[in-house]
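Some questions and answers follow, each to be read beside the structure. Try each one before reading on.

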Amino acid sequence: MNHQTQEPMRVLIVDDNPLDRADAKAALIRGSGRVYQFSEAASAEEALHLCSQWPLPHCIVLDLGLPDSDDFDVLIRLPRDEDNLLRIPVVVLTASVEIGLSQAALRAGAQDYVGKAWLLPETLTQAVENAIERLRMTRSLEAQRRLADTARQQALQLEAENRQIQEATRLKSQFLANMSHELRTPLAAVIGFSDLLLTGQVPPDSPKHRLFLGHIGTSGRHLLRLVNDVLDLSKVESGKFEFFPEPFDLADLVKGINDVLATEFQLKQLRVATDIESTLGALVLDPLRLRQVLYNYLSNAIKFTPAGGLITVRAHALGARHFRLEVEDTGVGIAVPDMARLFTAYQQLDAGSTKRHQGTGLGLALTRRLVMAQGGSVGVRSTPGRGSVFHLVLNQIHGADAARESGDEERLAASMDARLLVMHDGHGNLTHRAGHGGLPAAGRSSFPNLDGEANKQCADQKGT
Ligand SMILES: Nc1ncnc2c1ncn2[C@@H]1O[C@H](COP(=O)(O)OP(=O)(O)OP(=O)(O)O)[C@@H](O)[C@H]1O
Ligand SMILES: [Mg+2]
């Protein structure tokens, strides 16, 4: 190779003895036909300074016995890359031929070593060329190792994602099978009872006639709830869900749901207690959505509590702006490993062939999404065999937190206005001027989807 045409090789010679530096330079010049561009340092500090200057040397020939540093001080302080490899290859010059010292220099990062006693032109030239090549190869090996690491990480991640997709597919298939069963049962009831009535064999004024009509109505409403749950979940998942806040009294809302569920409480001989903190002022939220959420908690409590049990609905203010609503049951409870599966779409803890209870596994997922889309959080604590407490925490005024944080005074004022519309009539009854349609447009809001499945937590799940 014609070295004369190549870029000069920049070599930094570090030695406190000027004669030794001259020897090293002479050896290199004599050892190859290369063109060299030398720089020299007589101390560790000088060497380190030159190694911070651009352009960097191609190689350093370093005497270990510098007066201003310990043996490996310079080596340790030389600039390194992210793999902790020296940026500049180093050939160490050792006065002694002590093998231990030379090997320690290699361990400290040097690429090669030469004993000063053997400072022959070919030996030093070869050592410099080797040092440059060795560092280049080590770097390329490191780069390959890093690539392999990244590929391994990506493969692991893909595997995990694949497992998640498979699990989601499994849950969806299970959900569809379950859903078709859940849809068929009330549909069969509607068709069966209406066919029966159509035969004319049941006199219209008989109690049976009324009973069958009741069955048709109940099954129809059940079907409607199933379909609504599916539609609501997909809407809230796509962030297109709208809330219509209006002032209402929480105690009234709870009483309303308890009345609707009265037959179910009676059928299972369940006692119901309510404990709504009286200081908890009127709320300004979407009452339909809160009712839906509370209905989900209560219908679960009924479903998973054996006859004779007690269900308690509790609510209290949390500070001036939030409130906590709890539904406690004395039911079957939930095992700790199952907690993480709650609030996830299509999850039923006793799903599959062993399934004993009705349901599609959407109630808690929808509850979580609805609460989180309003900036709130949901959670549960449970003792297997003794019961569970499901809770939610929400703003007392819809969107107030979001408005405060974004400094959206107008929106906050709209919320506050709505709150001012709430009036007591002096007999403990609550009246308000806002119509059932809720607030004017400013009070209506549509919230983006705030969470992903990955946000799921075992016990408490927050929206932000
Ligand atoms: N209070 C509770 N006690 C014990 N287990 C519960 C309770 N609430 C929920 N679970 C468990 O969590 C699962 C999911 O509840 P979720 O409300 O999402 O679905 P579901 O009640 O089965 O069906 P859906 O509400 O859609 O009709 C239930 O199937 C049950 O295994
Ligand atoms: Mg449910």
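Q: In which loop is asparagine 84 found?
A: Asparagine 84 has a positive phi of about 65° although it is not a glycine. Most residues other than glycine have a negative phi. In this predicted model, the place of asparagine 84 is in the loop between helix H3 (73–77) and strand S4 (90–94).

Q: Which two residues does a cis peptide bond join, and what is omega there?
A: Most peptide bonds are trans. Proline 55 lies in the loop between helix H2 (44–50) and strand S3 (59–63). The cis bond joins tryptophan 54 and proline 55, with omega about -5°.

Q: What is the mean pLDDT of the protein chain?
A: A pLDDT of 70 or more is reached by 83% of the residues. The mean for the chain is 83.

Q: Over which residues does pLDDT stay under 50?
A: Where pLDDT is low, the predicted coordinates should not be read in detail. The model has 88 contacts beyond four places in sequence for this stretch. The stretch is residues 411–459.

Q: Are helices H1 and H5 roughly parallel or roughly perpendicular to each other?
A: Helix H1 (residues 18–31) packs against H5 at an angle of about 85°, and the axes are 8 Å apart. Angles of 65 to 115 degrees count as roughly perpendicular. H1 and H5 are therefore roughly perpendicular.

Q: How many nonpolar residues does the contact of H1 with H5 have?
A: Ala24, Ala27, Leu28, Arg30 and Gly31 of H1 meet Pro121, Glu122, Leu124, Thr125 and Val128 of H5. By class, two residues of this contact are polar and two are charged. The number of nonpolar residues is six.

Q: Is H5 roughly parallel or roughly antiparallel to H6?
A: The axes of helix H5 (residues 121–198) and H6 come within 9 Å and cross at roughly 150°. Angles over 145 degrees count as roughly antiparallel. H5 is therefore, with respect to H6, roughly antiparallel.

Q: What is the handedness of the crossing in which H5 passes H6, and how many charged residues does the contact have?
A: H5 passes H6 in a left-handed crossing. Among the H5 residues that meet H6 are Glu182, Leu183 and Phe193, and the H6 residues include His209, Phe212 and Leu226. By class, the contact has twelve nonpolar and six polar residues. The crossing is left-handed, and the number of charged residues is one.

Q: Is H6 oblique or roughly parallel to H11?
A: The axes of helix H6 (residues 207–237) and H11 come within 10 Å and cross at roughly 40°. Angles under 35 degrees count as roughly parallel, so a crossing at roughly 40° does not. H6 is therefore, with respect to H11, oblique.

Q: How many charged residues are in the contact of H6 with H11?
A: H6 contributes Asp229, Asp232, Leu233, Val236 and Glu237, while H11 contributes Ala365, Leu366, Arg369 and Leu370. Five residues of this contact are nonpolar and no residue is polar. The number of charged residues is four.

Q: Which helices each supply at least two residues of the shell around ligand 1?
A: Ligand 1 is surrounded by 22 residues, and the closest are Asn300, Leu349, Gly359, Gly363 and Leu364. The shell divides into nine nonpolar, ten polar and three charged residues. The helices are H9 (287–303) and H11 (363–372).

Note on methods: Residues are numbered from 1 along each chain as its sequence is written. Chains are lettered from A and ligands numbered from 1 in the order in which they are written. This is a predicted model: local features need pLDDT of at least 70, side-chain atom pairs count only at pLDDT 80 or more; totals for chains, interfaces and linings use all residues. A residue is near a molecule or strand if its C-beta atom, placed from the backbone, lies within 6 Å of it. Helices (H or I, at least four residues) and strands (E, at least two) are DSSP runs, numbered from the N terminus. Ala, Val, Leu, Ile, Met, Phe, Trp, Tyr, Cys and Pro count as nonpolar, Asp, Glu, Lys and Arg as charged, and the others, Gly among them, as polar. pLDDT is the predictor's confidence in each residue, from 0 to 100. Two residues are in contact if their C-beta atoms, placed from the backbone, lie within 7 Å. Axes are lines fitted to C-alpha atoms, for helices over the stretch in contact, and angles run from 0 to 180 degrees between N-to-C directions. A crossing is left-handed if the near helix is turned anticlockwise from the far one by less than a right angle, and right-handed if clockwise.
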